[in-house]
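Here is a friendly briefing to read with the model open beside you. Take it topic by topic and look up each residue as you go.

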Amino acid sequence: MASTATRGDRRVSSVFLALVAVMAVSGWAVWTGFSKMPGVAVFLFVVSGWIVSLCLHEYAHARTALHSGDISIGAKGYLTLNPLKYTHAMLSIVLPVVFVILGGIGLPGGAVFIERHRIRGRWRHSLISAAGPLTNVLFAAVCTAPFWLDALDGVPDDFRYALAFLALLQVTAAILNFLPMPGLDGYGVIEPWLSYKVRRQVEPLAPFGLLAVFAILWIPEVNSAFFDAIHALMRALGVSEWDTYWGRELFQVWRGTPDIPPLSEAPYATFS
């Protein structure tokens with residue numbers, strides 16, 4: 001049945017390829033120190049990388065849905081990786097990017113419209129929901145690989161910090177997306193296993209799930225505890241708070257170029 005998606009429905013869009021090109025060129029600029037304002041290159045690298053990950057996140061939902069029975073996915077353009085094809089481009093792309101710029105946190109977005117009535121089996125429904133945040137997990141693994149593989153010799157400091165900050169966004173997005181909150185993927189994973197009565201009661205709350213997460217994280221105590229847990233996980237992956245802090249400082253280019261001490265001066269305790 002998946003074969004009903006035509007080649008045109010699956011062709012990678014020029015919009016996505018442009019985003020990948022921006023990520024590659026800005027990453028090269030960060031690595032080589034080409035830009036006189038390193039923060040500009042870091043900003044473009046992180047934002048383009050973040051949008052690329054959002055596209056892959058939604059693509060994973062769509063591709064899994066296609067192979068689970070929703071043959072309408074291709075016609076909607078979801079397999080082209082074009083962010084302009086999403087049902088809610090504002091929620092899928094714009095708001096997550098705004099959250100990154102304002103708060104340096106990878107809040108999840110949504111969504112692709114999946115015709116769930118075409119899909120049979122609770123496990124398939126759960127897998128469709130899990131596919132998106134699992135993509136963020138994979139993206140985070142790629143970004144943190146140089147750290148936990150101890151393969152950073154010769155890597156310029158600015159690139160190291162930019163990669164660490166991008167990894168932080170992926171980790172926060174994956175964890176937040178897996179929360180069992182209505183409207184988020186975590187709830188989508190468990191929803192098929194809930195009773196019909198519970199699902200009907202929870203359904204009206206779905207549009208407010210993302211706002212609820214944002215509001216809860218606004219509470220200082222919750223925010224502090226959340227990021228303590230995030231940084232503990234990042235340290236386990238070999239990424240120190242020194243790395244993510246300076247990555248964020250470089251990213252916030254509107255604050256000017258930070259005066260970053262040499263990596264040799266980093267507190268020893270921040271390294272795994």
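What follows is a short tour of the core, a helix pair, the charged pairs and a few loop residues.

This is a predicted model. Its largest nonpolar core has 65 residues, and the structure also holds seven salt bridges. Phe 45 is a good place to start, as Phe 45 is one of the core residues that touch the most other members and also takes part in the contact between helix 3 and helix 6.

**The nonpolar core**

- Among the 65 residues of the largest nonpolar core, the ones touching the most other members are Phe 45, Val 46 and Ile 73.
- Eight helices each supply at least two residues of this core: helix 2 (14-32), helix 3 (38-68), helix 4 (89-103), helix 5 (122-148), helix 6 (157-177), helix 9 (209-217), helix 10 (220-236) and helix 11 (241-251).
- As background, nonpolar side chains in soluble globular proteins tend to be buried together.
- Which residues does Phe 45 contact, leaving aside neighbours within four places in sequence? Phe 45 is in contact with Met 23, Ser 26, Gly 27 and Val 30, and also with Phe 159, Ala 162, Leu 163 and Leu 166.

**Helix 3 against helix 6**

- Helix 3 and helix 6 pack with their axes 10 Å apart, at an angle of about 30 degrees.
- Angles under 35 degrees count as roughly parallel, so helix 3 and helix 6 are roughly parallel to each other.
- The crossing of these two helices, helix 3 and helix 6, is right-handed.
- On the helix 3 side, the contact is made by Pro 38, Val 42, Phe 45, Val 46, Gly 49, Trp 50, Ser 53 and His 57.
- On the helix 6 side, the contributors are Asp 158, Phe 159, Ala 162, Leu 163, Phe 165, Leu 166, Leu 169, Gln 170, Ala 173 and Asn 177.

**Salt bridges**

- Side chains of opposite charge can pair when their charged atoms come close.
- Glu 115 and Lys 76 meet through their side chains in a salt bridge of 3.1 Å, N to O.
- What does this pair tie together? Glu 115 lies in the loop between helix 4 and helix 5, while Lys 76 lies in the loop between helix 3 and helix 4, so the pair ties together parts that are 39 residues apart in sequence.
- Glu 115 also forms a salt bridge with Arg 118, where the closest N and O atoms are 2.6 Å apart.
- Buried or exposed? Residues under 20% relative accessible area are buried, so Glu 115 at 17% counts as buried.
- Both partners of Glu 115 named above are partly exposed: Lys 76 has a relative accessibility of 22%, and Arg 118 has a relative accessible area of 34%.
- A network of salt bridges links Asp 70, Lys 76, Glu 115 and Arg 118.
- Another salt bridge joins the side chains of Arg 255 and Glu 249, at 3.6 Å, N to O.
- In that pair, Arg 255 is exposed, with a relative accessible area of 56%, whereas Glu 249 is buried, with 14%.

**Loop residues worth a look**

- Ser 13 sits in the loop between helix 1 (7-10) and helix 2, and counts as buried at 10% relative accessibility.
- Not counting residues up to four places away in sequence, Ser 13 touches Thr 80, Leu 81 and Asn 82.
- Leu 81, one of those contacts of Ser 13, lies in the loop between helix 3 and helix 4.
- Leu 81 is not a glycine, yet has a positive phi of about 65 degrees; Leu 81 is also buried, with a relative accessible area of 8%.
- Asp 150, in the loop between helix 5 and helix 6, also has a positive phi, near 55 degrees, in a residue other than glycine.
- Asp 150 counts as exposed, at 66% relative accessibility.
- Leu 184 is found in the loop between helix 6 and helix 7 (185-190), and counts as buried at 7% relative accessibility.

**Two distances to try in your viewer**

- From C-alpha to C-alpha, Leu 184 and Met 37 are 37 Å apart in space and 147 residues apart in sequence.
- Ala 18, in helix 2, is partly exposed, with a relative accessible area of 40%.
- The C-alpha atoms of Ala 18 and Val 52 are separated by 10.0 Å, with their positions 34 residues apart along the chain.

Note on methods
Residues are numbered from 1 along each chain as its sequence is written. This is a predicted model: local features need pLDDT of at least 70, side-chain atom pairs count only at pLDDT 80 or more; totals for chains, interfaces and linings use all residues. Side-chain values use heavy atoms; hydrogens and water are left out. A nonpolar core is a set of buried Ala, Val, Leu, Ile, Met, Phe, Trp, Tyr and Cys residues joined through side-chain atoms within 4.5 Å. Buried means under 20% relative accessible area, exposed over 50%, partly exposed in between (1.4 Å probe, protein chains only). Helices (H or I, at least four residues) and strands (E, at least two) are DSSP runs, numbered from the N terminus. Contact means heavy atoms within 4.5 Å. A salt bridge is a side-chain nitrogen of Lys or Arg within 4 Å of a carboxyl oxygen of Asp or Glu. Axes are lines fitted to C-alpha atoms, for helices over the stretch in contact, and angles run from 0 to 180 degrees between N-to-C directions. Angles under 35 degrees count as roughly parallel, over 145 as roughly antiparallel, 65 to 115 as roughly perpendicular and the rest as oblique. A crossing is left-handed if the near helix is turned anticlockwise from the far one by less than a right angle, and right-handed if clockwise.
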